[in-house]
Amino acid sequence: MSETTVTMEKIVSLAKRRGFVFQSSEIYGGLSGAWDYGPQGIELKNRIARFWWKEMTQMHDNIVGLDAAILMHPRVWEASGHVENFTDPLVDCKKCKGRFRADQIPPENLAEKKCPDCGGELTDTRKFNLMFKTNLGPVEDESGLVYLRPETAQGIYVNFKNVQQSNRMKIPFGIAQIGKAFRNEIVTKNFIFRTCEFEQMEMQFFVKPGTDEDWFEYWRAERWSYYKKMGVNMKKLRWHRHGADELAHYAKDAYDIEYEFPMGFKELEGVHNRTDYDLSRHQQYSGKDLQYIDQDSGNERYIPYIIETSAGLTRQLLMLLCDSYEEQKISDKGNEDDWRTVLHFHPILAPITVAVLPLMKKDGLAELAQNIRIELKDDFVTDYDQAGAIGRRYRRQDEIGTPFCITIDYQTKEDNSVTVRDRDSMLQERVSRANLTSYIRQKIKSYNTASI
Ligand code: GAP
């Protein structure tokens, strides 16, 4: 891939122009911290979710899935420590009314209580809990207080016994979940990187105390190789180990996988050794026995340790947009057609796998193309486009990352063959209609990002 300067402005612009991400409630001026996923965005999001789910459940015999409710008993969040600890330090500027996270402004500004934007006076630092509150039932008082979950993990912990017993799971085993999470973030910037409503893909792996450090390393390696399989440029990834001052209240050890976004290296996902903190606290607060009885070890009882892998689905989507983006010079005619913008998604992640394009609308080519699309629909997500010059249509597909464009031309009428254009190399190959599905399947399976 050639060197392209990827900026957040370019990504935001492409995301809107090509139907990936729109501002929430845009016609009302937008809502900070919330975004809507358009036709291409939801396809891409579903693909990432499916890829992660397969990787975690289908490929691991000892991991099963769960879909817990977003609303949970409020005691869950007392037990988890979120009511007490899930806070950010907040300061306001008395002059410009700017609001900042105290840990994200220069220390000298904090010490001098001086606004980093306008130089006005800052308030004292106060703790701000990030959980959204709402009410269950018609009475708006504390009795119906519930929270929108700030992480999906707790839904797994409170179901530990349900899943373990109903599925006769033996330790070590894991529970995976994908779902919405909500945080009242003080600062939401960088597009969909940090938002108030987002999606997480979390897996909690229950292990015998004493084996936790080995499993921690196992999951670090697994999560690293996941990104390799996704086709991510591995040079843009790095590990960051949490220092003592960064560790969450529940963690014994924690590493982030960071990606080099246009605004610098930032957290993509976390791998945490949460010890027996969560299950012990839920046992204490609920009064229910959450110990595991190890029948293979003389009915030994213990509270399992938990190794967590916690990834942001919407953050991965942003990472993929940045990682796959390229502006490529493809000719030297001295006009805008010299350049194309292309998203080099791995074909298993691309929102649309195959675009079917008749060379002309006339002479029965459009009807033929529609029929070929029908043949492919059952196996692939397809698009059909007959509007404008063929070169322009290729560009439109390049911009949404469609890996294969099939062109139906006059030769198709004669010998039932089509051309398949490869997005990355732009090379075209003639393939017989009868072999099209197996040809594309094979190309997807053997896709190699090193060739981009
Ligand atoms: N259960 C552990 C947990 O929630 P976290 O580091 O707070 O850990 C895990 O979050 C992942 O969720 C992050 O690595 C990130 O990908 C995603 N994430 C967290 N806050 C987010 C936000 N405000 N917007 C988008 N994604 C977020």
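This is a short group-meeting talk on one predicted protein model with a bound ligand.

Okay, housekeeping before the tour. It's a predicted model, so local features need pLDDT of at least 70 and side-chain atom pairs count only at pLDDT 80 or more, while totals for chains, interfaces and linings use all residues. Residues are numbered from 1 along each chain as its sequence is written, and side-chain values use heavy atoms, with hydrogens and water left out.

Let's start with the whole chain. We've got 14 helices and 23 strands; helices are DSSP runs of H or I with at least four residues, strands are E runs of at least two, and both are numbered from the N terminus. The C-alpha atoms fill a box of roughly 75 × 65 × 45 Å along the principal axes. Of the 452 residues, 50% are buried, where buried means under 20% relative accessible area, exposed means over 50%, and partly exposed is in between, with a 1.4 Å probe and protein chains only. Take contacts (heavy atoms within 4.5 Å): among those between residues at least 6 apart in sequence, 66% join residues at least 24 apart.

Now the ligand. Which residues come nearest? Out of 20 around the ligand, they're Glu151, Glu185, Thr195, Glu202 and Glu267, with "around" meaning a heavy atom within 4 Å. The shell splits into five nonpolar, five polar and ten charged residues. For that split, Ala, Val, Leu, Ile, Met, Phe, Trp, Tyr, Cys and Pro are nonpolar, Asp, Glu, Lys and Arg are charged, and the others, Gly among them, are polar. Strands E10 (197-207), E13 (264-273) and E16 (305-312) each supply at least two shell residues, and E13 gives the most, with four.

On to polar contacts, meaning N or O pairs within 3.5 Å; within protein, one atom must be able to donate a hydrogen and the other to accept it, and residues adjacent in sequence count only if both atoms are side-chain atoms. A polar side-chain atom of glutamate 308 sits 2.8 Å from a ligand nitrogen. Ligand oxygen atoms also pair with backbone: 2.8 Å to a polar atom of leucine 268, and 3.0 Å to one of glycine 312. Taken alone, the ligand exposes 550 Å², and the protein buries 93% of that; those areas are Shrake-Rupley with a 1.4 Å probe, and for residues only the protein chains shown count as cover.

Back to glutamate 185, then: buried or exposed? Buried, because its relative accessibility is 10%. Glutamate 185 is in the loop between strand E9 (173-182) and E10. Beyond four places in sequence, its contacts are Asp88, Arg101, Leu130, Arg194, Thr195 and Cys196.

Next, the packing. The largest nonpolar core has 52 residues, and Tyr227 and Met230 have the most contacts inside it. By core I mean buried Ala, Val, Leu, Ile, Met, Phe, Trp, Tyr and Cys residues joined through side-chain atoms within 4.5 Å. Helix H10 gives the most to this core, with seven residues. Methionine 230 touches Ile48, Phe51, Gln316, Met319, Leu320, His346 and Leu349, leaving out residues up to four places away. There's also a second, separate core of 20 residues, including Ile406 and Val431.

Last, some backbone oddities. Most non-glycine residues have a negative phi, and most peptide bonds are trans. Here the bond from isoleucine 171 to proline 172 is cis, with omega near 10°. Arginine 168 has a positive phi of about 50° and is exposed, at 73%. Both proline 172 and arginine 168 lie in the loop between H7 and E9.
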